[in-house]
Amino acid sequence: MDDKTEVLEREQLDIEILRDVNLRLPAVVPREAFPAVPLTVDARLQTRAVGQRATRPDCRMHGLGQTKYIDDIKLPGMLYARIKRAGISSARIKCIDTSAAEAMPGVMAVVIGEEIPVNSFGPTFQDQPVLAADRVFHAGDGVAAVAAVTEQIANEALEKIVVEYEPLPAVFDPIDAMRDDAPKVHAPNSNIYATKVVRKGDVEKGFAESDHIFEGRFSTQMIEHVSLEPHAAIADWDATGRLTIYATIGRITLARADMARTLKLPMSRIRLIGTTVGGNFGGKNEISQEPALALLSKKTGRPVKGVFTRSEEFTSSTTRHPIIMDYKSGVTKEGRIVARQIRLVLDGGAYCSWSATTLGKACILSPGPYKIDNVLTEAFVVYTNKTMTGAMRGFGAPQVCFAYESHMDDIAKGLGKDQLEIRLLNAFDEGSSSPTGQVLHSVVVKETLNKAAARFGWESQS
Amino acid sequence: MKRRGRGIGCMWYPIGFTVDANPSAATVKVNEDGTATVLTGTVETGQGALTVLGQIAAEALGIATDDVHVVSGDTDVTPMDTGAIASRTTYVTGNAIYLAAEAAKAILFEAAAPMLGVKPSQLEAKDRMIQVKNFPQRAVTIGEVAFRSQVVLGQPAIGSATWNPPTVAMDPETGQGKPFATYVYATQIAEVDVDDETGEVEVLRICAAHDCGTAINPMLVEGQVEGGISMGVGMALQEEMLFDANGRIVNPSLTNYIMPTSLDMPEIHVDIVQGFDPTGPFGAKGVGEPTAVPTAAAILNAIHDAVGVRITALPATAEKVLAAIKAKKGALKQIPR
């Protein structure tokens, strides 16, 4: 034990010294800092592996700052790409002049939307362009991508790209967007691009049988994932016609399919390497700039790297859906929920992305983990001319949980019941039927309520 | 003055995609020395998935976590996988790896049976040995068996398998169906201090009790819960993307998009509730996303408990909480008719 401590202390010291010597270089672990015998924590050596507090094989590299993320990868001859963003929420693109940018020394290639073989992608509806070609749907849309020998030159080149826009009407509020006379984001289609209904029992009959009715409206905000590592990728289209993409992405199988579709390439010609991901939380579930980087690489014959700025993470990547949630519940005087009616409106942003999935999960989960015989949930997701909303840890569940649990406390207060007791009274049991009529197994809601209450020291105040 | 409150957030959350197929495929190779290599098309996104998947393979093969190396994230090398999404990795990819390890183990048992003079069905893999069930003294090391299987019998111990969670489509009119194979449950209870003169909310502690079926690695479950709570605190109190009248984001930077730092984190107590799901690998379900689900609900209920105001639009910034407190005080002062 003492030996181990000594090794660790010495390492720490060495890294400190190196950092002092040259702050501009990444810290390199001196050879002598490597332990003679690899340090393996006992939990990793146990048989019966399941249930062990085994450390991660990558944790030592993370701890020493030695993990290589995509930004650390530099291929020979590699170029740097930047993307010009529209900065206008709704417009027709009249023309894009890239000649001044292309004439700049150090600029090796420019790509615009028209050049992308199939300029659309998306997991449910393919409504999102890689680069906007004739129409801008939100301010963060890319309109052109530049590859240059340095990131600085690429940035300067963006300034020299001239885009002429014809502004078009836009809509930003999801409820306004539902009106018949609202500007259509993807005309001529309705802005309501997906709906979901869960109906069980008869809510009207349930309300009639209830002693009390409670109603409330709740709403949530748009949130960004803010992964420490932004979206980043390297495309390398080699002389054999094979494309290798290094990307910080959580789903390489889908990403390869999207690359094949957008670039019209056989899948066997594409290799997708998922690099160490510095935070995902749902934000790195699909491709973004990769097809544009691939075409820049094809044009130049060189590997091309693109890394989003922090600002682009907000303006041009997916975010969490704001949801407007109307709840109405009928309860008995004992506190049992008899009927619950819910209407959800999800702000779907400019493109579908993972909205259909979010809509479905929000709709199914919105009544909460409670036994309710009469349920009606209607959910809508609508286009607005804002940053697209998509997958984010929980797919709509944190939003509806905030609503159904706030609503639950309002019911408890209205009836003078303890917040814990009213939940225990209504919570699912083993074999309970969910709002979709599914018989639930391995149900431990009440166990979690009791465990958390015991740990907290919850005492009833009713 | 600071007023203290407590609030409950209770939730349920499904594992895997809504109805749609979300398969995982996996290959497990037992090396000639009894260690193993796992090939999976998922990607480690920081949650420790590869460690958990290695533990599942190790458990199935009767070896230790450290004996397994997991190769992931390369479409040229690894089999198809739906990826790190929908809290599905432990459950779906885990089941595929479990089945692949079982297939590799069956090859080892075929090789070991004549060595031990019993039928393959009478064998089990445990403590890096293949042994006759109930007779641990009659055993050979997995390394010996794997070597013999490959080099003498000419049959390397490699198993491949796929798994896709069973679901039933939802009726389009009523939504009735079985959209998910399984669900997890959790409760978080928050304690907060609300300053009724400034509206500032401080989250003091959160007691989180989470179900994940069998905890393959309790330490990584705790890590997920702590991370999820940090996102929940941001959602409850701070984070919000704001737009101008023309639909442009006004705070696209970490200077004015405020999110929690380590200083905003409450004291966290994690309890893993005993559970076992027979459809999961060794009874496991999942835990990734659910950890971020009930936090904001618990905090907002605690604010309500502390100062009696119900914030219905997130986030509950100090400005919003203070305005609600003032409005409530104003309402109390109204002269009755």
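**Reading a predicted two-chain model**

Author: Let's start with a turn: two residues sit between S6(B) and S7(B) in their hairpin, and Asn134(B), in that turn, has a positive phi of about 70°. Keep in mind that this is a predicted model.

Reader: Okay, how many bridges join S6(B) to S7(B)?

Author: Four, and the two strands run antiparallel; strand S7 covers residues 135-141 of chain B. To check the register, take Gln131(B): its bridge partner in S7(B) is Ala139(B).

Reader: And on the other side, what joins S5(B) to S6(B)?

Author: Four bridges again: strand S5 (residues 123-126) of chain B runs antiparallel to strand S6 (residues 129-132). Here Ala125(B) has Ile130(B) as its bridge partner in S6(B). The hairpin of S5(B) and S6(B) has two residues between the strands, and Asp127(B) takes a positive phi near 50°.

Reader: Which side chains of S5(B) are buried?

Author: Look at the alternation along the strand. Leu123(B) and Ala125(B) point to one face and are buried, while Glu124(B) and Lys126(B) point to the other and are not.

Reader: I keep seeing positive phi values. How should I read them?

Author: As a general idea, most residues other than glycine have a negative phi, and most peptide bonds are trans. Exceptions deserve a look. Lys264(A) is one, with a positive phi near 55°. Lys264(A) lies in the loop between helix H7 (252-263) and strand S11 (270-274) of chain A.

Reader: Is Lys264(A) buried or exposed?

Author: Exposed, because Lys264(A) has 9 C-beta neighbours inside 10 Å, and the cut-off for exposed is 12 or fewer. Now try Ala86(B), which is not a glycine yet has a positive phi of about 60°. Ala86(B) belongs to the loop between strand S4 (68-72) and helix H2 (89-116) of chain B. Ala86(B) counts as buried because 29 C-beta neighbours fall inside 10 Å.

Reader: Where are the cis peptide bonds you'd check?

Author: In chain A, go to the bond that joins Ala187(A) and Pro188(A), where omega is about 0°. Pro188(A) sits in the loop between helix H5 (174-178) and strand S7 (192-200) of chain A. In chain B, a cis peptide bond joins Leu314(B) and Pro315(B), with omega about -5°. You'll find Pro315(B) in the loop between helix H5 (295-307) and helix H6 (318-333) of chain B.

Reader: Now a helix. How do I sanity-check the geometry of H11(A)?

Author: Compare the expected span with the model. Helix H11 of chain A has 19 residues (397-415), so at 1.5 Å a residue it should span 27 Å; the end C-alpha atoms are 26 Å apart, which agrees. As for its surroundings, 15 of the 19 residues of H11(A) are buried, so the helix is largely enclosed by the rest of the structure. After H11(A) comes Gly416(A), with a positive phi near 70°.

Reader: Zooming out, how is chain B divided?

Author: Into domain 1 (2-14 + 183-333) and domain 2 (24-161). Taken over C-alpha atoms, the centres of these two domains of chain B are 39 Å apart. Their contact takes 15 residues from domain 1 of chain B and 14 residues from domain 2. On the domain 1 side, those residues are seven nonpolar, six polar and two charged.

Reader: And how many residues does the contact of chain A with chain B take?

Author: Chain A gives 95 residues and chain B gives 99 residues. On the chain A side, helix H13 (residues 445-456) supplies the largest share, nine residues. By class, the chain A side divides into 39 nonpolar, 34 polar and 22 charged residues.

Reader: Last thing: what scores come with the model?

Author: A general caution goes with such scores: where pLDDT is low, the predicted coordinates should not be read in detail. In chain B, pLDDT averages 97, and 100% of the residues score at least 70. For the model, ipTM is 0.97 and pTM is 0.94.

Key: Residues numbered from 1 in each chain as written. Chains lettered and ligands numbered in written order. Predicted model: local features only at pLDDT ≥ 70, side-chain atom pairs only at ≥ 80, totals over all residues. Expected span 1.5 Å × (residues − 1). Buried ≥ 20, exposed ≤ 12 C-beta atoms within 10 Å, placed from the backbone. Domains from an automatic or database assignment. Contact = placed C-beta atoms within 7 Å. Nonpolar A, V, L, I, M, F, W, Y, C, P; charged D, E, K, R; others polar. Pairing = 2+ DSSP bridges. pLDDT = per-residue confidence, 0-100.
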